[in-house]
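Okay, hi everyone, thanks for making time for this. Let me put the structure up, and then we'll walk through a few parts of it together.

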Amino acid sequence: MDAFFAAVEQLDFPHLAGKPVLVGHDGPRGVVAAASYEARRYGCRSAMPMSQAKRRCPQAMIVPGRRHRYAEVSRQVFSLFEEITPLVQPLSIDEAFLDVSGSVASLGSPPAIARALKRRVLRTTGLTASVGVAQNKFLAKLASDMDKPDGLTVVPTHSVEAWLAPLPLSRMWGVGPVTEGRLAQRGLRTFGDVAATDPETLRQLLGDSAQRFHLLAQGIDHRPVTPDSEAKSIGREQTFESDLATPDEVRTVLLRQLEEVALRLRRKGRSARTVTVKIRYGDFETITRSHTLPRGTTRTLPLWRSARLLFDRWADESFRPVRLIGVSASGLGDEDHQLDLFQDPTAQREREVDAVTDAIKERFGGAAIRRAAAMPDSGTKDSRRSNPRKPKAVSDDAVQSRDFPS
């Protein structure tokens, strides 16, 4: 997809159309999550500090991200992919590889499939996509970036090396500024230069990575398209504008993150056994703690209890102000639908609560309903109160809704 987050904002809010738009948090530690093509003309890009982007484009319009909306559009797009082929490998929320070799007989040539897919994405979502068509993943990814936005680039099958030869090495996977500079010192600046270089010379320059770079320079990539049914983990983390100074503030954010992770597990039909909490201090020192459950689960509360146990143990021993907090679920397996011989009414109630809250979030957005302890006014700085009080204790399964239409 083209400048996906920014494009969604421009679609939903017409006054942003044609304007330089930056999606992200406008604060000292804010980072650009996406920049519209109008903002990119000023040198703004994703992952850039927001302060730097604002200096480059002072007239940019900054909007906070809406993860639930981007996820909604992403699901629409991926459903279109899956109508073409079951071999879809996501790279991110807005990008994927599709192996269409099994669809050619019924849908036409790969370029014809690409053109039809672009039309369907535009008709369904109102957004444009750029597509690269090639014989392998590396070339397809490279081609998809060649003619953005709304591009379609087909790599010629019988002249791949000639097509690649003039491209700068900055376009090659894994070549960053340091590696690019080291190669440039030896006169190697393009794909063609690397392809024509003796492998032993490359090994002296690049070590164990030399063979991979030599193959990519020739357009050789044997990796198959692998559907994302074997994801290793699902997680969420957040960096704060100001370090969170109390454990209660961090717990509130951690619970919100865990609720989102559990929802994503259920959407994917996956259970998790291991919960990992990631903590980063103001000085960038980072620690992680993990806990493994006896069996996999998709229920929010067992996962939250594990995360809270990990955090509380650390906080009781050595709490320090927190710059970043994150939580992830791993040890993934298929969702277990097998019923226990003796039904646990508490577990069944938890499943019912999760099902209801999931349905509300799907319809009205992730902030429509939350557990009480995850509400911003439960003690986090999100509430912006001048004299925040410590929140009253609430049960794990207490749920509050906010601005929820009847």
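Before anything else, a bit of vocabulary: a pocket here is an open set of grid points where a 1.4 Å probe fits, with protein on both sides within 12 Å along at least five of seven lines. Why a probe? Rolling a probe the size of a water molecule over the atoms shows where empty space is left. And keep in mind that what you're looking at is a predicted model.

So, the pocket I picked is the second largest one, and it holds about 1,400 Å³ of space. Its lining is made up of 48 residues. Which of them lie nearest the centre? Those are Glu95, Ala96, Ser130, Lys141 and Ser144. If you sort the lining by residue type, you get 29 nonpolar, eight polar and eleven charged. Helix α6, residues 110-125, gives the most to that lining, with five residues.

Now zoom out for a second. The protein has 15 helices and 14 strands. There are 406 residues, and 42% of them are buried. Now take the contacts between residues at least 6 apart in sequence: 63% of those join residues at least 24 apart.

Okay, on to a small sheet. This one is open, has three strands in the order β2-β1-β3, and its pairing is mixed. Which strands stand at the edges? β2 (32-35) and β3 (61-63) do, and each has a single partner strand, so one side of each is left without a neighbour in the sheet. On average, neighbouring strands in this sheet are turned by 25 degrees against each other, ignoring direction.

Strand β1, residues 21-24, runs parallel to β3, and three bridges join the two. If you want a spot to look at, find Val23, which stands opposite Val63 in β3. Then there's helix α1, residues 4-12: it lies across β1, β2 and β3, and runs at about 115 degrees to β1.

Next up is strand β9, which covers residues 270-281. Is it mostly covered or mostly open? Mostly covered: nine of its twelve residues are buried. A general thing to remember as you scroll along a strand: in a regular one, the side chains alternate between the two faces of the sheet.

Let's go through the pairings of β9. With strand β10, residues 286-297, β9 pairs in the antiparallel sense over eight bridges. There, Val275 has His291 as its bridge partner. Those two strands form a hairpin with four residues between them, and in that hairpin Phe284 takes a positive phi near 75 degrees.

β9 also pairs with strand β11, residues 322-330, again antiparallel and over eight bridges. Look for Thr276 there, standing opposite Ser328 in β11. And then strand β12, residues 333-334, pairs with β9 in the antiparallel sense over two bridges. In that pairing, Arg270 stands opposite Asp334.

Last stop: Thr252, which lies in helix α13, residues 247-268. Buried or exposed? The cut-off for buried is under 20% relative accessible area. Thr252 has 3%, so it counts as buried. How far is Thr252 from Ala372? They are 120 residues apart in sequence, and 9.3 Å apart in space, C-alpha to C-alpha.

That's my tour, so feel free to spin the model around and ask questions.

Notes. Residues numbered from 1 in each chain as written. Predicted model: local features only at pLDDT ≥ 70, side-chain atom pairs only at ≥ 80, totals over all residues. Heavy atoms only, no water. 1 Å grid on protein atoms, 1.4 Å probe; cavity = no way out; pocket = protein on both sides within 12 Å on 5 of 7 lines; lining within 4 Å. Points joined across faces, edges and corners; volume = space filled by probe spheres on them. Nonpolar A, V, L, I, M, F, W, Y, C, P; charged D, E, K, R; others polar. Pairing = 2+ DSSP bridges. Axes fitted to C-alpha atoms, helices over the stretch in contact; angles between N-to-C directions. Contact = heavy atoms within 4.5 Å. Buried < 20%, exposed > 50% of the residue type's maximum accessible area, 1.4 Å probe, protein only.
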